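Please open the model in your viewer and keep the selection panel at hand. The tour below goes from one selection to the next and says what is there.

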Amino acid sequence: MAISRDEIFQRVQEVLVDALGVDDDQITIEATLMGDLGAESIDFLDIVFRLEKAFGIKIPREELFPAENLMTNPQFVNNGKLTEAGLKELRTKMPHTDITKFEKNPDINKLGDLFTVGAIVNYLQTKVGSS
Amino acid sequence: MQLGPPVRNTRNKKAKKGWKNDRFWYIVLRYFADCAIAGDRKSMRFILIDKVVLLESGKQIKAVKGVSLAEEYLADHFPTFPVLPGVFLLEGLIESASWLVREAENFAHSMILLEDARNIKYKSFLAPGSQIEYVVQAKTIEENVSSFTGFGISGGEQIVEGRLGLRHFNLADENPAMATVDAQIIENMKKQWKLLWH
């Protein structure tokens, strides 16, 4: 049974409140996980587990958070910036995220800004949403 | 030396009651106290700041940390892209705040623990070869509790920021037999302070 985008967002909100200890009003669609909500490496693991439970699906971590694979592959990163190959990989792994702003200066330190609450909702829509 | 409940649980407002059990924490604190007395660097002891560069007693502290490729935890975080884990950036802020308390209260308490960490944000990564400067300002420092805002900056880039609450006490407050343990911990803290601020 397909789940509406609103319902997906609500459940994601609950997951992030539990995982990150933030208030629910801090969790907006544009909020970035690391920069706004204070998530760091260990939290990504926790978030994936909680989302799997909340939605009853399996979520391969690198599907939801492709950053780790991107950042650690020398073909995709050079001198602290994503290469053309890296950008291509990013587009493939996050098809519903607009990366035009990031592309202008693909500084790996700013990669975290792409991981927003919205990106999680977009991903889950492809898995459980009404298409 | 930072002790206390795991940072993640203290951030979570719905943290379970289990870890607040006094007896449990007595045992944990006793273990860490023993390590502190032994001054044993091989046991679990973190030092996430290298030097204090500015001190306004009771008000503000600035401390720096250089990130070295030799830090063992970097090997896994991440193998081809080493960066200081977020929890250690937070630990740097906590240690800076703790030293501000110790100096202000003239090392009155052996135990200074994180009570809560709020609005923590990780803005940028910190890689080996960088130096981060933690700037922590006290909002209040009372006898047993204190609160701070702080941030870490490196090369003009904001790395981490947030708000912290600490609590401070002596083990002897609960158990007078621990007074000598308190004294030894305080001695060690005074020695460490001489290495950080001179």
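**Where the chains meet**

Begin by selecting the two chains together: 19 residues of chain B are in contact with 13 residues of chain A, two residues being in contact if their C-beta atoms, placed from the backbone, lie within 7 Å. This is a predicted model, in which local features need pLDDT of at least 70 and side-chain atom pairs count only at pLDDT 80 or more, while totals for chains, interfaces and linings use all residues. Residues are numbered from 1 along each chain as its sequence is written, and chains are lettered from A and ligands numbered from 1 in the order in which they are written.

On the side of chain B that touches chain A, the elements that give two or more residues are helix 3 (86-104) and strand 3 (111-122) of chain B; helices (H or I, at least four residues) and strands (E, at least two) are DSSP runs, numbered from the N terminus. Strand 3 of chain B supplies the largest share of that side, three residues. By class, the residues of this side of chain B are eight nonpolar, six polar and five charged, where Ala, Val, Leu, Ile, Met, Phe, Trp, Tyr, Cys and Pro count as nonpolar, Asp, Glu, Lys and Arg as charged, and the others, Gly among them, as polar.

**Chain A as a whole**

Now show chain A alone, which has seven helices and two strands, running α-α-α-α-β-β-α-α-α from the N terminus on. Its C-alpha trace spans about 40 × 30 × 25 Å along the principal axes.

Colour chain A by its domain assignment, which gives domain 1 (1-59 + 118-131) and domain 2 (66-114); the bounds come from an automatic or database domain assignment. The C-alpha centres of these two domains of chain A lie 21 Å apart, and their contact takes five residues from domain 1 and six residues from domain 2. The side of domain 1 of chain A that touches domain 2 has two nonpolar, three polar and no charged residues.

**Helix 1 of chain A and its partners**

Select helix 1 (residues 5-20) and helix 7 (residues 117-128) of chain A, whose axes come within 10 Å and cross at roughly 125°; axes are lines fitted to C-alpha atoms, for helices over the stretch in contact, and angles run from 0 to 180 degrees between N-to-C directions. That angle makes helix 1 of chain A oblique to helix 7 of chain A, since angles under 35 degrees count as roughly parallel, over 145 as roughly antiparallel, 65 to 115 as roughly perpendicular and the rest as oblique. To see the contact, show side chains including A:F9 and A:V12 of helix 1 and A:I120 and A:L124 of helix 7 of chain A. This contact has eight nonpolar, one polar and one charged residues.

Next add helix 2 (residues 41-55) of chain A, which packs with helix 1 of chain A at an angle of about 140°, their axes 10 Å apart; these two helices of chain A are therefore oblique to each other as well. Here A:R11, A:V15, A:D18, A:A19 and A:L20 in helix 1 meet residues of helix 2 of chain A, among them A:D43, A:D46 and A:R50. By class, this contact has seven nonpolar, no polar and five charged residues.

**Two backbone details**

Most residues other than glycine have a negative phi, and most peptide bonds are trans. Zoom to A:N79, in the loop between strand 1 (77-78) and strand 2 (81-82) of chain A, where phi is near 55°, a positive value in a residue other than glycine. Finish at B:H77 and B:F78, which a cis peptide bond joins, with omega about 0°; B:F78 is found in the loop between strand 2 (60-66) and helix 3 of chain B.
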